[in-house]
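Hi there,

Here is the structure I promised to pass on to you. Have a look at it first, then read on for what turned up.

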Amino acid sequence: MLAANVLKLNLFSALKMMLFPMAIITVFWQDHIGLSLAEILLVNVFFSGVNLLMEYPSGYVSDRLGYRRSLIIACVFGIAGWSVYLQAGSFWHVIGAEMLLGVCYAFISGSDTALLYETLKDGGRTELYNRLDGRMVTWAQSGEALGALCAGLLYVSSPLLPFIVQVGVWSLALLLAFSLREPAVEASPHRVSSHLQEAARIGRYALTEKPILRATMVFGVLLGLASFYPVWLVQPFMRECGVPLAWFGPIWAGANLTVALFAYHSHRVLDRLGLQRMCLLFGGLIVVGYLGLGLTGAVGSFLFYYLLTAMRGLQGPMLRSVLQHHASRWMRASILSLHSLLFRLGYVVTGPLVGWVSDRQGLSTGFLVLAASFSLVLPLAGRSFLRAHRAAEAGQKREEQD
């Protein structure tokens with residue numbers, strides 16, 4: 001079961017990120033639905049809002065129903081969401097499609113990686129998690145790069161063709177989800193009188209009672225934000241630097257492949273550097289990346305963005321491995337979804353401020369402000385994470401000795 005499940009989860013990761021419409025969807029909204037820029041921004045608000053509201057509840061449901069069932073539910077919502085686009089002709093059709101897709105990705109969040117960990121645990125090979133998580137990221141980013149490269153060609157052939165192909169992709173993902181195998185589940189150690197109370201109990205456990213989980217989430221949220229702000233800023237930055245528009249697609253694909261490459265080798269870098277120097281590497285890549293974007297304006301300056309995507313690839317498998325290790329089966333997806341929820345809340349709170357600074361003072365100033373901000377907060381979060389990790393390891397050793 002182990003080898004078959006791992007291969008299927010890799011394939012599922014590629015399919016879930018093989019988003020053929022994404023590279024052209026703004027053009028589709030404008031030219032074929034007739035949306036204004038204000039309406040396009042509002043569409044993103046609906047998607048993010050539904051995804052945010054469903055993030056933690058879907059993780060809790062996944063822990064109760066099973067991760068395989070959660071992925072099946074996600075695929076059904078994915079097929080429904082992309083199918084709506086085949087008949088979409090108004091703003092509200094787009095809103096309906098994006099809300100369905102928001103639910104889809106909420107149910108995936110945490111479920112696929114939790115199933116990977118449970119599969120390895122059932123086979124007695126949890127030490128492989130960091131490596132195999134990195135490979136899942138590699139498959140996912142490779143799928144996203146392929147989708148980005150093909151999107152323009154499909155759109156030129158027929159504006160609806162990317163969406164037709166996308167429905168086919170999610171249909172394949174559904175068949176794959178049905179074929180997954182989930183290890184037998186032990187009875188829950190807690191009597192659940194109320195699912196709402198149980199969900200709150202897991203939240204308290206992660207955020208107040210278990211320092212290693214709290215510290216890992218805080219550190220992970222900051223690292224995630226560091227790699228996410230440029231997603232929305234790097235394209236106008238490249239335009240300011242005079243990068244030809246024809247380069248945008250390949251550069252975007254290159255960013256995804258950079259994430260894939262460094263995620264694939266994350267476990268090797270961690271073994272070579274150790275946890276403390278790995279955390280220092282994260283900070284160095286972030287600060288140098290933002291300084292490079294803020295202080296240069298040449299055609300090739302976008303390469304500094306690749307330092308941030310490299311950091312994204314390195315940190316994801318490592319931090320998810322820590323969260324998985326310190327979570328039980330009955331809260332695994334809940335913990336991972338809570339981590340994603342905190343990241344999204346962090347972006348909702350700070351993203352508009354970053355955009356405001358970049359609009360008012362220019363992108364260069366915005367990047368320099370981010371470099372200064374992360375150079376101040378990352379050492380504090382990293383130190384807290386390392387202390388909590390050492391304390392958790394010491395406690396585990398004492399338990400083993402007793």
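Below is a short tour of some helices, a core, a pocket and a few single residues. One thing to keep in mind from the start: this is a predicted model.

**Helix H1**

Let's begin with H1, which runs over residues 2-17. Does its length fit what a helix should have? What span should 16 residues give at 1.5 Å a residue? The expected figure is 22 Å, and the end C-alpha atoms of H1 are 23 Å apart, so the two agree.

A good part of H1 is tucked away: Asn5, Val6, Leu9, Asn10, Phe12, Ser13, Ala14, Leu15, Lys16 and Met17 are buried. Which helices help to cover these buried residues? Among them are H4 (67-87), H5 (91-108), H6 (111-122), H7 (129-157) and H8 (161-179).

Leu2 also belongs to H1. This residue counts as partly exposed because its relative accessible area is 27%, between the cut-offs of 20% and 50%. Leaving out residues up to four places away in sequence, Leu2 touches Thr119, Leu120, Gly123 and Arg125. Try finding Glu118 as well: in sequence Leu2 and Glu118 are 116 residues apart, yet their C-alpha atoms are 9.8 Å apart in space.

**Asp112, a partner of H1**

Now go to H6, where you will find Asp112. Is Asp112 buried or exposed? Its relative accessible area is 3%, which is under 20%, so Asp112 is buried. Setting aside neighbours within four places in sequence, Asp112 is in contact with Leu9, Ser13, Lys16, Leu71 and Met136. Three of those names may ring a bell, since Leu9, Ser13 and Lys16 are in the list of buried H1 residues. As for Leu71, 41 residues separate it from Asp112 along the chain, while their C-alpha atoms are 7.3 Å apart.

**The largest nonpolar core**

In soluble globular proteins, nonpolar side chains tend to be buried together. Here, the largest nonpolar core contains 120 residues. Which residues have the most contacts inside it? They are Trp29, Tyr85 and Tyr290. The helix that gives the most to this core is H10 (residues 211-240), with 16 residues.

Tyr85 is a nice one to zoom in on. Not counting neighbours within four places in sequence, its contacts are Ile25, Phe28, Trp29, Val94, Ala97, Glu98, Leu101, Leu160 and Phe163.

Tyr290 takes us to H13 (residues 275-295), where it is one of the buried residues. Others buried in H13 include Met278, Cys279, Phe282, Leu285, Ile286 and Leu293, along with Gly283, Gly289, Gly292 and Gly294. H13 has 21 residues and reaches 30 Å from its first C-alpha to its last, close to the 30 Å expected.

**The second largest pocket**

How much space lies in the second largest pocket? About 400 Å³. Its lining is made of 17 residues, and Thr126, Glu127, Asn130, Leu270 and Ser321 lie nearest its centre. The elements that give two or more residues to this lining are H7, H12 (266-273) and H14 (303-325). H14 gives the most, with four residues. By class, seven lining residues are nonpolar, seven are polar and three are charged.

**Two more leucines**

Leu257 sits in H11 (residues 248-264). With a relative accessibility of 45%, Leu257 counts as partly exposed. Apart from neighbours within four places in sequence, Leu257 is in contact with Ser142 and Ala145. Leu257 and Met331 are 74 residues apart in sequence, and 32 Å apart from C-alpha to C-alpha.

Leu65 lies in H3 (residues 37-65). Leu65 is partly exposed too, at 41% relative accessible area. Between Leu65 and Asp31 there are 34 places along the chain and 42 Å from C-alpha to C-alpha.

That's the tour. Have fun turning the model around!

Cheers

How values were computed: Residues numbered from 1 in each chain as written. Predicted model: local features only at pLDDT ≥ 70, side-chain atom pairs only at ≥ 80, totals over all residues. Heavy atoms only, no water. Expected span 1.5 Å × (residues − 1). Buried < 20%, exposed > 50% of the residue type's maximum accessible area, 1.4 Å probe, protein only. Contact = heavy atoms within 4.5 Å. 1 Å grid on protein atoms, 1.4 Å probe; cavity = no way out; pocket = protein on both sides within 12 Å on 5 of 7 lines; lining within 4 Å. Points joined across faces, edges and corners; volume = space filled by probe spheres on them. Nonpolar A, V, L, I, M, F, W, Y, C, P; charged D, E, K, R; others polar. Core = buried A, V, L, I, M, F, W, Y, C linked by side-chain atoms within 4.5 Å.
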